[in-house]
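Student: Please take a close look at the surroundings of the bound molecule in this entry. I would like the contacts set out in one connected account.

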Amino acid sequence: MNQWQIAVDAPITKPLTYTSEDPSIAVGSLVKVPLGKSNRKVFGLCLEKTMDNEERLKTIAHVYQDLPHIPSRYVDWLSWLSNYYKHPIGQVAKLLAPPLIDKKQGRSRKKSPIPDVEPESIAELNAEQMAAYKSISASNGFQCHLLHGVTGSGKTEVYIHLFQQALNSGKKGLFLVPEISLTPQLLSRFARVFGDQLAVMHSQLTERERTNQWLSIVEGDKKILLGARSALFCPIPDLGLIIVDEEHEASYKQEEKLKYHARDSAIMLAAKLEIPIVLGSATPSLESWQNAKAGKYQLHQLQLRFNEKSLPQIDVVDLREHRPAGLPFWMSQELHDALVQNLKNKEQSALFLNRRGMAPSVVCNSCGHTEECPNCAVALTLHHKHHLHCHYCDYHKNFNETCSACGVGEVIPLGLGTEKMQEDIKEMFPEARVVRADRDEIQSREDMEAVIQAVESQSVDILIGTQMISKGLDFPHLSLVSVVLADIGFNIQDFRANEKTYQLLSQVAGRSGRHNTDGRVIIQTYNPNHPCLPFVIEHSYEAFADRELLHRKELLYPPFSRMIRIRNQSIFAKKAEKNIMDIYNWLQKAFKHYQIENDVQILGPTEAPLFKLRGKYRYHMLLKVKNKKNIHSILDQLLANDALFPSGTKVLIDVDPIQMG
Ligand code: ADP
Ligand code: ZN
């Protein structure tokens with residue numbers, strides 16, 4: 001009797017053993033198996049043949065004969081993912097299958113997700129690009145490359161040449177980009193060059209479309225897959241090259257279920273497949289930078305913008321010294337003058353603010369009461385002047401000008417959001433054509449396309465937006481960019497706060513002056529002495545990184561340690577608190593037992609920064625791991641200890657966490 005280890009789509013850590021006489025079954029087969037008392041049929045993936053000789057094994061119910069096997073190296077990789085990120089193996093396996101595995105193939109009635117564009121030949125590289133291309137393409141087998149190129153240096157063209165080379169040698173390519181920078185601009189550049197060899201995958205596709213794209217890649221019709229992080233799970237035959245653009249982006253980390261980091265998982269996949277991988281960024285993550293400095297990654301640099309235009313001039317304006325005379329509190333004289341000048345010159349300007357709405361909070365001018373969300377420990381945001389909204393759980397209610405707490409005071413909006421900014425701009429510059437890009441205005445890819453089209457065709461003078469406009473965009477006539485309140489984000493409780501600030505400010509600045517005119521950037525702040533600012537102004541990523549790495553080393557933060565976050569939640573605060581203490585005590589004992597007390601430091605447990613979210617109270621602790629030895633087996637034992645998972649509480653383990661809320 002043939003026996004197979006099957007990763008079964010259910011919340012169980014280990015594979016289960018089944019039998020089958022079907023000769024077509026092999027490692028990587030997609031199957032259906034009976035599960036539990038009811039023998040309901042669930043998805044499964046064949047991991048390996050075993051000889052358990054167990055009695056009374058169940059039989060594999062169905063084999064998806066029409067679908068190809070998942071390549072065995074992908075099967076290895078999936079076991080790694082499951083073990084490293086502590087997620088049930090069958091639920092990881094499910095990600096490798098097409099979303100509509102049970103429905104018959106059919107055509108999508110929507111138009112193809114690949115834009116229909118005129119073909120374009122691939123551009124000739126300049127000297128710097130050529131040097132980077134040559135040294136990357138010379139590598140054989142597994143090698144991780146870091147392509148550090150300033151904004152506008154033309155990293156995309158280097159990627160295109162590398163993919164072309166992979167195609168020429170009969171290989172396929174995977175291009176990962178953060179969801180947010182999967183802009184129509186990038187997509188159409190790739191569509192022009194690779195034509196009908198291109199497939200795409202992102203969160204806006206329907207399951208039908210995703211399935212069609214999956215099949216077109218797996219069956220070999222398409223040869224380059226461009227996609228957001230989940231595209232990593234499409235098993236690509238003859239994959240020869242992976243490129244991860246904007247590798248520093250936090251959105252590569254999935255925050256729920258399988259809490260994987262797509263960059264790190266891509267590196268692991270490349271290692272298993274023995275192929276090269278390229279990480280690209282103007283502001284690399286400190287993890288990648290440290291690996292390059294230590295010689296683990298090969299570093300390639302593009303120091304100049306491709307057209308040798310200089311990087312924009314960056315001025316910091318101290319808002320404390322600013323006493324508005326007829327200007328809103330957030331608009332300095334410098335920014336005002338620069339906007340006037342740009343309007344006169346028919347150049348475009350962009351105003352960046354990482355907060356949408358009219359005001360981030362409202363407060364009573366008599367008793368000081370702040371309107372808070374009843375489900376979350378956060379203030380409600382004012383929208384459209386009459387509507388209060390929680391950005392975490394979607395709770396909303398009408399805005400009442402009389403305070404609900406004291407019944408006499410007047411409730412006033414505090415602070416600034418993009419909606420208010422747009423209103424102020426319209427008042428100051430009634431002639432200007434203004435467009436806003438934030439989550440209230442942009443609900444679909446088509447909306448974003450329309451904004452980009454409007455800016456490209458120069459029917460917009462001032463673009464206002466949140467992080468939606470902070471990266472990836474390439475507008476020839478955009479010559480003034482302002483970060484309106486840089487202070488948002490300065491003080492977040494996160495050891496990466498400086499790194500994130502540096503990256504955001506440089507990326508926003510990088511949108512300015514990319515083509516014809518010299519670019520200018522105005523950063524407004526109440527903290528002009530913030531330690532990141534001198535490095536941003538000088539465009540000196542390396543000096544910034546070296547300084548920051550020194551701090552990380554002193555405090556033993558990543559990349560000089562590994563971090564694991566353990567968080568729990570319950571509708572009862574007491575229950576969550578007791579549970580996190582139980583876990584803490586258990587861990588202390590386990591560390592002693594394995595004699596690794598000195599290799600692991602526990603921060604906390606404490607209330608999570610976002611203490612209450614969607615009606616649940618949250619606690620967490622952070623493990624700083626100096627030496628990984630034994631830690632994974634300790635976590636496995638923890639997960640197997642039912643006493644630490646009482647009903648009514650939920651415990652989440654996040655390996656290499658990004659989100660600290
Ligand atoms: P990055 O991603 O490094 O910020 P991009 O790849 O967006 O930069 O390139 C910036 C601009 O320069 C784009 O408009 C791109 O078309 C143009 N560009 C880059 N390299 C070349 C090249 N070799 N020939 C022509 N245009 C180029
Ligand atoms: Zn809420």
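Tutor: In this predicted model, 16 residues surround ligand 1, and those that come nearest are Glu124, Gly152, Thr156, Phe306 and Asp474. By class, the shell around ligand 1 divides into seven polar, five charged and four nonpolar residues. Helix 4, residues 155–168, supplies the largest share of this shell, with three residues.

Oxygen atoms of ligand 1 take part in several polar contacts, among them two with the protein backbone and one with a side chain. On the backbone side, a polar atom of Ser153 is 3.3 Å from an oxygen atom of ligand 1, and an N or O atom of Gly154 lies 3.0 Å from an oxygen atom of the ligand. From the side chains, Arg514 places a polar atom 3.2 Å from an oxygen atom of ligand 1. As for cover, ligand 1 taken alone exposes 560 Å², and the protein buries 78% of that area.

Apart from the ligand, one helix pair can be described. Helix 12 (residues 497–509) packs with helix 14 (residues 541–554) at an angle of about 170°, the axes being 10 Å apart. Angles over 145 degrees count as roughly antiparallel, and helix 12 and helix 14 are therefore roughly antiparallel to each other. On the helix 12 side the contact is made by Asn498, Glu499 and Tyr502, which meet Tyr541, Phe544, Arg547, Glu548 and Arg552 of helix 14. The residues of this contact comprise four charged, three nonpolar and one polar.

Note on methods. Residues are numbered from 1 along each chain as its sequence is written. Chains are lettered from A and ligands numbered from 1 in the order in which they are written. This is a predicted model: local features need pLDDT of at least 70, side-chain atom pairs count only at pLDDT 80 or more; totals for chains, interfaces and linings use all residues. Side-chain values use heavy atoms; hydrogens and water are left out. Axes are lines fitted to C-alpha atoms, for helices over the stretch in contact, and angles run from 0 to 180 degrees between N-to-C directions. Helices (H or I, at least four residues) and strands (E, at least two) are DSSP runs, numbered from the N terminus. Angles under 35 degrees count as roughly parallel, over 145 as roughly antiparallel, 65 to 115 as roughly perpendicular and the rest as oblique. Contact means heavy atoms within 4.5 Å. Ala, Val, Leu, Ile, Met, Phe, Trp, Tyr, Cys and Pro count as nonpolar, Asp, Glu, Lys and Arg as charged, and the others, Gly among them, as polar. A residue is near a molecule or strand if one of its heavy atoms lies within 4 Å of it. A polar contact is a pair of N or O atoms within 3.5 Å; within protein, one must be able to donate a hydrogen and the other to accept it, and residues adjacent in sequence count only if both atoms are side-chain atoms. Accessible areas come from the Shrake-Rupley method with a 1.4 Å probe; for residues, only the protein chains shown count as cover.
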